[in-house]
Structures are given as structure tokens and as C-alpha cells.
Amino acid sequence: MRAIVMTAFGGPEVLRLTDIPEPEPEHGQIRVRLYAAGVNPAEAYIRTGQYAFFKPTLLPYTPGFDGAGVVDKVGEGVQGSKPGDRVFVTALTARRNTGTYAETVVCDAEAVHLLPDAVTLEQGAAVGFPGMAAYRALFQCAGLKPAERILIHGASGGVGTVAVQLARACGAFVIGTAGSPASMELVRSIGAHIVLDHTQPGYLDTLAALTDGVGPDVILEMLADKNLENDMRMIAKHGRIVIIGSRGSLEMTPRLLMAKESVVMGMAIWHSAPEEARMAEAAVAAALRSGALRPVLGDILPLEKAAQAHEDIIARGGKPGKMLLRIE
């Protein structure tokens with residue numbers, strides 16, 4: 001089968017399309033013939049060998065945790081899945097994952113979920129990593145409750161679009177930020193009550209009025225090195241700021257947190273306990289079935305353009321939706 005394989009850590013050029021033997025499912029595992037694979041920033045960091053949360057122990061290595069396709073073969077002991085089922089794969093916490101940048105993937109049966117008829121295979125490939133990250137940030141870290149006010153920075157991105165929909169579905173008042181008229185309209189269309197243009201100076205000046213003068217109860221922060229100081233100024237008393245992304249360091253004023261007894265916490269889905277990962281996967285699958293969640297697609301490149309995808313995912317400049325690799 002065709003797969004993207006890296007035999008060394010390094011830049012995007014280490015990602016090469018090659019033919020490798022098709023993996024076989026063992027007890028409790030499923031093989032899925034993939035139609036599309038999700039591309040996540042974490043996979044670009046893993047490729048360098050310098051990512052703090054995960055480093056492949058063996059090379060050659062095929063990247064990829066998210067994908068969607070059709071069940072091809074099931075191992076012994078597998079129940080609830082059969083060849084021909086349309087499924088999506090969320091293999092981030094799987095004990096075995098042969099990588100979704102390939103024509104087929106083998107992973108634990110628990111990481112394979114039936115795809116509702118109304119959801120396309122491309123949408124299914126877009127939900128795994130962003131869905132788990134959004135759910136963990138919203139509910140396992142921030143403890144978001146109905147009627148609370150939440151500000152989601154970068155709401156048009158892969159994680160942001162899922163977070164907007166899950167937060168709206170739980171009954172929260174959702175404020176999102178985006179960087180272009182098209183992205184703002186997208187965020188509005190998927191459920192945000194208010195959308196702010198983060199390219200405009202003073203774009204947060206209206207936030208107090210939008211939250212009855214108290215500020216958001218929860219903030220999801222995608223770029224903490226740029227925004228955290230402002231987040232601490234804006235957050236409501238006893239509010240929670242969850243850092244999902246950061247690309248540098250910053251100076252901060254701790255007294256801002258003291259004045260409101262607010263909390264700043266980091267989030268990394270790699271630290272999810274097994275039961276937390278199962279809860280997140282189950283919740284995302286349920287949101288797909290109910291229609292509360294419809295993944296938003298971004299750029300779609302062919303499998304052989306995986307190196308370009310890794311370049312683009314880091315330097316995408318706020319492009320909306322989830323990037324995918326199409327696997328013919």
C-alpha cells in the first residue's frame with residue numbers, strides 16, 4: 001500500500017510517499033481503508049523529533065492520528081464493527097496506530113467509530129484531534145456550564161470551529177474571534193452569538209458590554225504568548241482561561257489573576273487519562289450523530305503533498321477549517 005513514511009526526524013522533506021506492506025489487525029484491532037486523513041500541527045512538531053508530548057520510539061514511522069473510511073478487516077474479539085462500515089478514526093490514545101497518512105490504518109477497535117450517514121468521510125477525517133482537544137478544553141479543563149459566557153480566540157480554526165459548536169450545544173453564550181469577513185461569517189454560521197475581528201485594533205473593547213460588564217467566564221486561548229495578558233484583564237471573577245496553543249514566551253502581571261481569583265491552566269490532550277479520552281470520543285461521536293457538530297473543512301491536499309501540508313499547517317495564517325489529505 002502507499003503511505004507517507006519518515007525514516008529520520010527533520011523538516012517536511014523527511015516525509016516521503018512509498019510502498020509498504022499492508023498492516024494486519026491483531027486481537028481487538030480493526031483495519032480501515034482510508035478516504036481522507038486529518039493534518040494537525042502536532043504532527044508537524046512530532047516530525048521534528050523535538051515535540052515535548054510525543055516522540056516515536058521506532059523509525060520508520062507513518063504520521064497521522066485522524067482519518068475516515070471503510071472498515072476493511074477486523075481482528076479476533078472485535079464486536080460492533082464489520083467490513084463495509086463507514087467509520088472515523090481517533091487514534092491519538094490508541095495502543096496501536098499504524099498511522100493515518102496511508103491507504104489503510106490499523107488501530108485499536110476503541111478508536112474506530114461509526115460515521116453517521118449525514119456526515120461525509122472528509123468531515124469524519126476532520127473530527128478526531130480537534131474534537132478531543134475542544135471537548136477537553138471546554139469541559140474537562142474549564143468545566144463550562146450552560147448560560148456561562150465563553151470567548152474563543154481563533155474560532156475559525158480546526159479546534160475553534162468544534163469548540164464553538166460544542167459550547168453552543170451545551171447552552172453557553174459564545175463569542176468568537178476571526179481574522180477575515182469570510183472567517184467571521186463562518187464562525188457566525190456555526191453558532192457563535194457574537195464574532196469579533198481580531199485584526200482590528202481595540203477589537204476587545206466591546207467585550208465588557210457584551211458580557212454585562214463582568215467579562216467572559218471562560219476563555220479558550222490559541223496563542224497565549226500574544227493574548228494572555230489581555231485575557232487576564234478581561235476574564236470574569238473566578239473565571240477560567242485554558243491555553244490550547246502558544247508559540248513563544250511573555251511577561252505577565254500576576255496581580256491580574258489575584259484581583260479576580262481567576263485561573264490559567266494549560267491543556268494538552270496527551271495528558272488525558274484513558275477514561276477521559278473515552279469520554280471525549282464518546283461525546284464527540286454523539287454530537288456528530290445528533291447534528292450538533294458538523295466539522296468544518298479547510299484545505300484538502302493529495303496524500304503525496306504531505307510535506308507541503310506540514311509547511312502550510314504551521315504557516316497557514318488563520319485559514320479556516322481543518323486541513324486534510326485526500327487518499328485516492
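## Pockets, cores and backbone features of a predicted model

Forty-four residues, written 44 in the count, line the largest pocket, and P41, M222, I244, G245 and R247 are those that lie nearest its centre. The structure is a predicted model, in which local features need pLDDT of at least 70 and side-chain atom pairs count only at pLDDT 80 or more, while totals for chains, interfaces and linings use all residues. Residues are numbered from 1 along each chain as its sequence is written, and side-chain values use heavy atoms, with hydrogens and water left out.

A pocket is here an open set of points on a 1 Å grid over the protein atoms alone, where a 1.4 Å probe fits and protein lies on both sides within 12 Å along at least five of seven lines; its lining residues have an atom within 4 Å of a point. The volume is the space filled by probe spheres set on the points, which are joined across faces, edges and corners. Residues are classed as nonpolar (Ala, Val, Leu, Ile, Met, Phe, Trp, Tyr, Cys and Pro), charged (Asp, Glu, Lys and Arg) or polar (the others, Gly among them).

| Pocket | Volume | Nonpolar | Polar | Charged |
|---|---|---|---|---|
| Largest | about 1,200 Å³ | 23 residues | 16 residues | five residues |
| Second largest | about 220 Å³ | five residues | three residues | five residues |

Helices (H or I, at least four residues) and strands (E, at least two) are DSSP runs numbered from the N terminus. At least two residues of the lining of the largest pocket come from each of α1 (41-48), α3 (128-141), α4 (158-169), β9 (173-178), α10 (306-314) and β15 (322-326). In the second largest pocket, helix α9 (residues 274-290) gives the largest share of the lining, four residues.

The largest nonpolar core, a set of buried Ala, Val, Leu, Ile, Met, Phe, Trp, Tyr and Cys residues joined through side-chain atoms within 4.5 Å, has 90 residues, of which I150, L220 and W270 touch the most other members. Helix α3 gives the most to this core, with eight residues. Contact means heavy atoms within 4.5 Å, and, leaving aside neighbours within four places in sequence, the contacts of I150 include L138, A167, F173, V218 and L220.

For single residues, buried means under 20% relative accessible area, exposed over 50% and partly exposed in between, with a 1.4 Å probe and protein chains only. T100, placed in the loop between β5 (86-90) and β6 (104-108), counts as buried because its relative accessibility is 0%. Beyond its neighbours within four places in sequence, T100 is in contact with residues including L34, P63, F65, V89 and I327.

With a disulfide taken as a pair of cysteine sulfur atoms within 2.5 Å, the structure holds zero disulfides. C141 is in none, and the nearest cysteine sulfur, that of C170, is 15 Å away; C141 is also buried, with a relative accessible area of 19%.

Several backbone features lie in loops. The peptide bond from L59 to P60 is cis, with omega near 5°, and P60 is placed in the loop between α1 and β4 (66-74). D212, which is not a glycine, has a positive phi of about 55°; D212 sits in the loop between α6 (207-210) and β11 (218-221) and is exposed at a relative accessible area of 62%. H238, also not a glycine, has a positive phi of about 65°, lies in the loop between α7 and β12 (240-243), and counts as partly exposed because its relative accessibility is 44%.
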